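Here are some notes for a colleague coming to this structure without background. Please read them with the model open.

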Amino acid sequence: MDFFGYFGKILVVNLSTKECKEVPIPEDVYRKFLGGYGLGAYYIYNNMEPNCDPMGPKNILGFCPGLLTGSPAPLTGRYVVCAKSPLTGKGIRSNGNVSSGGWGNANSGGTFGPVIKKTGFDAIFFEGKADNPVYLLIDKKNIEIREANFLWGKDIIETEKKLKELHGSQFNIAAIGKAGENLSLIAGIVNDKGRIAARSGMGAVMGSKNLKALCLYGTEKIKYYNKEILLSNTKEYLKMIKKNSKKGLITKMIPVLDRFVPLMRIMGMGMGLDSPLMPKILTQMFGPSGLGTTSANVLSSQIGDTPIKNLKGVGFKDFPYKNAMNIRGKALRKHMKKKYGCFSCPIQCGAILEYEDLPYEEKTTHRPEYETSAAFGSLILNDNLDVIIKVNEYLNREGMDSISAGMTVAFVLECCENGILNKGDFKCEEYPDGFLPKWGESDYILPLVKLMVSREGIGDKLADGTKIAAEKISNSKQFAMNVNGQEIPMHDARMDPNLGLTYITDPTPARHTAASLNFEMGISGKYFMPEVKFIFPDAPYQQGLAQAIVAKFHQIIEGLGFCLFAVYFGKYPLLEILNALTGWDVDIDELFSIGHRIQTLRQMFNAREGAIRHEIPDRAVGNPPLSKGPLKGVKIVLEPLIAGYYNGMGFLNNGVPSEEILNKLGLDFCLKDLKEATGDSSYINRSLESIDEDYNPNPKIVPLKGG
Ligand code: SF4
């Protein structure tokens, strides 16, 4: 049978038995779940034993490129790593049983996603556990599991170098560093020397399987159903990007914007304008300006977007404008050697820096993105750019999530400030008598992060993120800024309550890259598919309903392998490209049903594991509110948002998908698990009417297309 756009098979590697088998996947699975974590959730849900130990051999780890990944479709070069997460969703179930973890996925760019496709498989899954360190080698048709003792202990750059020396420079590598080897629950998986699938603890799962690396080289080609239509639509889109990338006044204005930040803060201005010019502005900002995501470093820190001082601070007061300017995008751009982009991306928002002070033989490094600049900058009041660049490179080399690592450092700072941790707790080779981390100082940062990666001394308590650290360090729980186990990213929910909703209800909690009404659609996303009407209601319950629409849409983006920024750059011929590639005749309604199905399956995974949780720190929702700054007095109430979202998704009040919605979406294979499934109604079982007068259980808003 001919397949178009995909190969109709996956590779399943059993690390215990060393068996590698090709598994055919029926065509309708692709049409129902696409690729990426849609395919991943389908395979893992149906093949993983429920309630297994996420760090044990029964967990399944998938490397899943998007359905469009590897095709000429622009901005679709991403892949997702997925498995049961050892980091999130843990806790006591409402039936008294203990949940050992929930659904986990982490997304990465670069070139590795298309390389998986080149091997002729739509995804690679690992089961079991190797007795000793191993790596997977695919050299065209030859598939082998090889011993990796010689790689264990090496960082990502050294690992890649060794494997390329051994097998050739045509191979592409994804690997774990010391963080994954040491089973840190905030470890990620790194490809292209610095693109990291960072979140959900996927590097820990890989480490638990004794799997050091994937080393791949393939020459298989996907077939296109209608090459002419596919290429003409691609060409048209690229033409639009080229036009919007043409340098002019906007290109010149963007780097200058930082100068106006104090004024923007006083005027209460936010991140975006409601203007059809936004796709062009954002194209310029991410692309030609050469600033990429770091264009937000100063603005976000001053307007209440970046969490400051472990979420208890105020940007302009605790990390004033002059400090923020020391870590601005332009300061990083000074070191830029060349721009960098993922496969099939015309924007190229990344950059490779040349930095002589790096303590390694190689003097080039990936530029820290906004999230890392903020997590090791404004969040901990550090304005030392040199340290941010070095920490970024170190964490990339050792494969640790910089968001969770930065948040854990912020947690430590508050513990020290309150005398819970002291100088003697931080002894290491460099500081035999210890050191005392303090807000605004930078010397301690690298030594502390190194302790975490190596699990030395206090590092052992901190290596698994703030939730577990707070269980090991007395009286520190109020400083642990995580949602359901995962550290809050660098966007404050008090500024955007829809993000708070996402942080608490998405199957992977605390993710700015999961669906959020304002964050995803509010800036420029509504131009991406203008035929879809996104609604921005004022009342929280209706916003929750609207967010359900965005959540369905978001799963499509993930399943197809899009970069999440793609929605910012203007109209995309998505249906034309998808149908030309696959030969399908998918329309908007079917597309949204697919998105709904993927999100519901991920949610059902958590329901089956008893991993639906609503645990968000009081501070993160403004309880008590800040007394100064852009977030002064803000206390967000998530209950009506959650209720609206669950209603819009067809989930019960406790978050468990209803039998009706499972039937409607063709997820009947989940029905057998409904009886045992448990949710968490702790957050929304309070009286909604008394919480918010806008609450309306019978909303008038009925989404049109795509609802
Ligand atoms: S916009 Fe940036 S992150 Fe997205 S695909 Fe392009 S280079 Fe990668």
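Which helices each supply at least two residues of the lining of the largest cavity?

1. The model is a predicted one. In it, α21 (497-505) and α25 each contribute at least two residues to the lining of the largest cavity.

2. That lining consists of 16 residues, and Asp-506, Asn-606, Ala-611, Ile-612 and Arg-613 are the ones nearest the centre of the cavity. Sorted by class, six of the lining residues are nonpolar, eight are polar and two are charged. The space inside the largest cavity is about 100 Å³. The count of cavities of 30 Å³ or more comes to five.

3. Helix α25 (residues 588-609) also lies across two strands, β4 (79-84) and β7. The helix runs at about 145° to β7.

4. Both of these strands belong to an open sheet of six strands, ordered β2-β1-β8-β3-β4-β7, with mixed pairing. At its edges are β2 (19-24) and β7 (103-108), each of which pairs on one side only. From one strand to the next, the twist averages 20°.

5. At the β2 end of the sheet, strand β1 (residues 9-14) runs antiparallel to β2 and is joined to it by six bridges. Within this pair, Lys-9 is opposite Pro-24 of β2. In general, the strands of a sheet pair through backbone hydrogen bonds, either parallel or antiparallel.

6. A separate item is the ligand. Around it are Arg-78, Arg-195, Gly-341, Cys-342, Cys-345, Gln-348, Cys-349, Cys-563 and Phe-565. This shell divides into five nonpolar, two polar and two charged residues.

Methods:
Residues numbered from 1 in each chain as written. Predicted model: local features only at pLDDT ≥ 70, side-chain atom pairs only at ≥ 80, totals over all residues. Heavy atoms only, no water. Near = heavy atom within 4 Å. Nonpolar A, V, L, I, M, F, W, Y, C, P; charged D, E, K, R; others polar. Pairing = 2+ DSSP bridges. Helix = DSSP H or I, 4+ residues; strand = E, 2+ residues; numbered from the N terminus. Axes fitted to C-alpha atoms, helices over the stretch in contact; angles between N-to-C directions. Contact = heavy atoms within 4.5 Å. 1 Å grid on protein atoms, 1.4 Å probe; cavity = no way out; pocket = protein on both sides within 12 Å on 5 of 7 lines; lining within 4 Å. Points joined across faces, edges and corners; volume = space filled by probe spheres on them.
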